[in-house]
Amino acid sequence: MSYYTSKIDRRTALKWLSAAAATTLAAPKMVRAATYVKTPNGYGTDPDMLNPTAPWERIMTNRQLQVAAVMTDIILPEEPPHPSPSQIGVPDFINEWVSSPYEQTQKDKKIVLGGLDWIDAVSKSRFGAGYVETPAENQTKIMAEIAKAGNANYKFFDRFRTLTLGGYYTTPAGFKDIGYIGNVPLEHYPGPTDEMKAMLETRMKEIGI
Amino acid sequence: MKQSTPYDVVIVGSGAGGGMSAYILAKKGLKVLMLEAGRDYKPEEETPMFNTNDEAPLRGVSTPDKPFGYYDATVDGGWTVPGEPYTTAPGKEEFMWWRPRMLGGRTNHWGRISLRFGEYDFKPYSRDGLGVDWPMTYEELAPWYDKTEEIVGVTGGGEFHGANLENTPDSPPGILHETPNRRLHEIMLARGFESMGIPVAPMRAAIIQKPMNGRQACFYATSCGRGCSIKAMFQTTTVLIPPALETGNLDIITDAMVYTVDMGKGDKAEGVTYIDRKTGEHKHVKARAVVLAASAAESARILLNSKNGRHTDGLANSSGTVGKYLMDTVGASTGGHIPMLEGMPPRNDDGMSNAHIYVPWWGYGQQARGELPFPRGYHIEVGGGQRMPGMGVAGLAKYGSAPFGKGLREEMRRHYGTEVYLAGRGEMIPNDDCYAELDPEVKDRFGIPVLRFHWKWADHEINQASHMRQTFVELIDRLGGKVTWGGDTDGRDAIAKGGEIIHEVGCARMGDDPNTSVVNNWGQSWDVKNLFVFDGAVLPSNPDKNPTLTIMALAMRNATHLAEEARKGNI
């Protein structure tokens, strides 16, 4: 069963390939002193700012991607007009993250991939179906268990949730949901409205400052 | 390179000091060559304006390749530069050294805070017997601050202008651009500080608020650390180098890693030698005068590597103080969660990237009365608000009661913009334990000896860092909030590593006495009369106020003097 179809199109996938080739063939399009890479297979110390690529290969299996997609949507279910994480490609971001060659993301690779395999297996043994196929109440049940601090798999839940929320709220769709209304050019910076200032004033008075 | 006529001046470096020197000298009609170790860089063409984090690899987080995040302007650098190491002396505290390899140097991503040093800051030894006095007064530098601010474009004007705070000089009327309106959390923080008897001032940042010299005014979007294609934020690559080039008097060679100053006949420098970083070729250029502005430590490295038969301890080093009295800024920070800000309506908190307020040091009276266990001051920088979310936004989930599913979105909205952070930036007093020297063994990929750093914070700084944290914890408590990180008030735990604030200065200090300083009050070497240092290396002390504005004011003053001397035929 396929819950999730990768949002990465063929063109982007080809771009990874060509970026990886450029790294190995050392054929930068700008004339630069050298293409330095502090981490092998990373994007280097002088990447193209305007056309960013994450040039490393993706390592998640399709099954892991499916389980991840189901999990992201349980963490942050669709709430119209706000899409679910899988609707805007967050599982692909998680794949990009755990596949990355950098040291700090390598730690997550172990936790997340191990966790995805574990949650799928535990669903099978307890409910007779994998995490993607088991009914929603079972999915939620396992999630609720590992979401408790102290659970043996809390670390997995915590890191996975961090990647889901971070991946989601850093997108324009996420901005709309959380209320980020910046990143627009303004002629004059207005600051907060009088109404907001009055609200703040009331709250400051309440605590005596 | 065949060079028929020598340049009047060769400048090593294109950052704050080098950029300003080139601007002044080229405008004064001198033939100038600028050598930059990194590649050419054009903010107009390369800056990722408006790009969101989801367009960047890993949502733009820091990696070893881009330690301040994907969009940070720094090219080929950061805490390490591939093939160009530095070392920490065994058994010493770690020192961190941020270097880019690009035209414009660190001005392309700098913090932009532009505070004038105050009158006390020029005579610290006279006030408390620690460190050394400067060979000049505030009054002498003040007109150069005026001129520098006019070119750079600095905020600080407007409603709160002219606070008349002790040792916190204002600018004359008409120079400063108006600081934008305070953000919601800044209004709250200001009230909190004022309830502690601590005055708050408008931010002075190098971000223009009205168009000038072909630069657009800030449009309050896109973080300045990426660089600024509309030129609102000061970078030498948009503000100083282009007009210098327009004079026709400036040539620039990039990827030119200078490693020695070469001596000619007598006691005069003849030029410099650099390595072409693309080809590995060593090239020599001649000039009537040499200006080092490669950054405090790199300028010292060049002097130390310029040792020869007559100057066995390095060039311009008869005092033995090249590399000595290295300083950084004392840093400590704390984060808090302020429930008062929960559920406030969405607002555009982007503003001018920097905070719109800051807190100048308020404790001069207490120090004079001996009530504080540290002799020098610090200022406070603040942050917070509903800024463009990065991966850190996920942390907001911990404030809510819904770990996942229904309700989590609402918790995220409610807590977005409730986090604040506070950072202290304090004066470090120069000491004998903090210096740079040539590593006896390690060389860079070109075979040039690298710097080895020695570092040790003194109690002056450690106690100050502790006080910073105490202040922050008290403020967060007064605001009804909870400290979320950085609550340990032990100064040792609180204090940032040497170099970590990226305000390293000293290593070729100026003074009145050739026995204890490397250059005179014009940045001119005591030993080699046509050799000048026009960067942060010359600072004899490092007040809490961020150094770049002062580096530029000094470079402008000293380059003007150099041009005058050249005109008189004295170079």
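User: In this predicted model, what makes M196(A), K197(A), L200(A) and M204(A) part of a contact with α6(B)?

Analyst: Happy to walk through it! These residues of α8(A) meet L184(B), I187(B), M188(B) and R191(B) in α6(B). Residues are in contact if their C-beta atoms, placed from the backbone, lie within 7 Å, so that is the test behind this list.

User: How are the residues of the contact of α8(A) with α6(B) divided by class?

Analyst: They divide into 6 nonpolar, no polar and 2 charged. Lys and Arg count as charged, so K197(A) and R191(B) make up the charged part.

User: Why is α8(A) called roughly parallel to α6(B)?

Analyst: The two axes come within 10 Å and cross at roughly 30°. Angles under 35 degrees count as roughly parallel, and therefore α8(A) is roughly parallel to α6(B). As for handedness, this crossing is right-handed.

User: Which helix gives the most to the side of chain B that touches chain A?

Analyst: That is α6(B), with 6 residues. The contact as a whole takes 67 residues from chain B and 62 residues from chain A. On the chain B side, the residues divide into 33 nonpolar, 14 polar and 20 charged.

User: Where does α6 of chain B fall in the domain assignment?

Analyst: α6 of chain B covers 184-195, and domain 2 of chain B includes 173-202, so by these bounds the helix belongs to domain 2. The C-alpha centres of domain 1 and domain 2 of chain B lie 32 Å apart, and 22 residues of domain 1 are in contact with 17 residues of domain 2.

How values were computed: Residues are numbered from 1 along each chain as its sequence is written. Chains are lettered from A and ligands numbered from 1 in the order in which they are written. This is a predicted model: local features need pLDDT of at least 70, side-chain atom pairs count only at pLDDT 80 or more; totals for chains, interfaces and linings use all residues. Two residues are in contact if their C-beta atoms, placed from the backbone, lie within 7 Å. Helices (H or I, at least four residues) and strands (E, at least two) are DSSP runs, numbered from the N terminus. Axes are lines fitted to C-alpha atoms, for helices over the stretch in contact, and angles run from 0 to 180 degrees between N-to-C directions. Angles under 35 degrees count as roughly parallel, over 145 as roughly antiparallel, 65 to 115 as roughly perpendicular and the rest as oblique. A crossing is left-handed if the near helix is turned anticlockwise from the far one by less than a right angle, and right-handed if clockwise.
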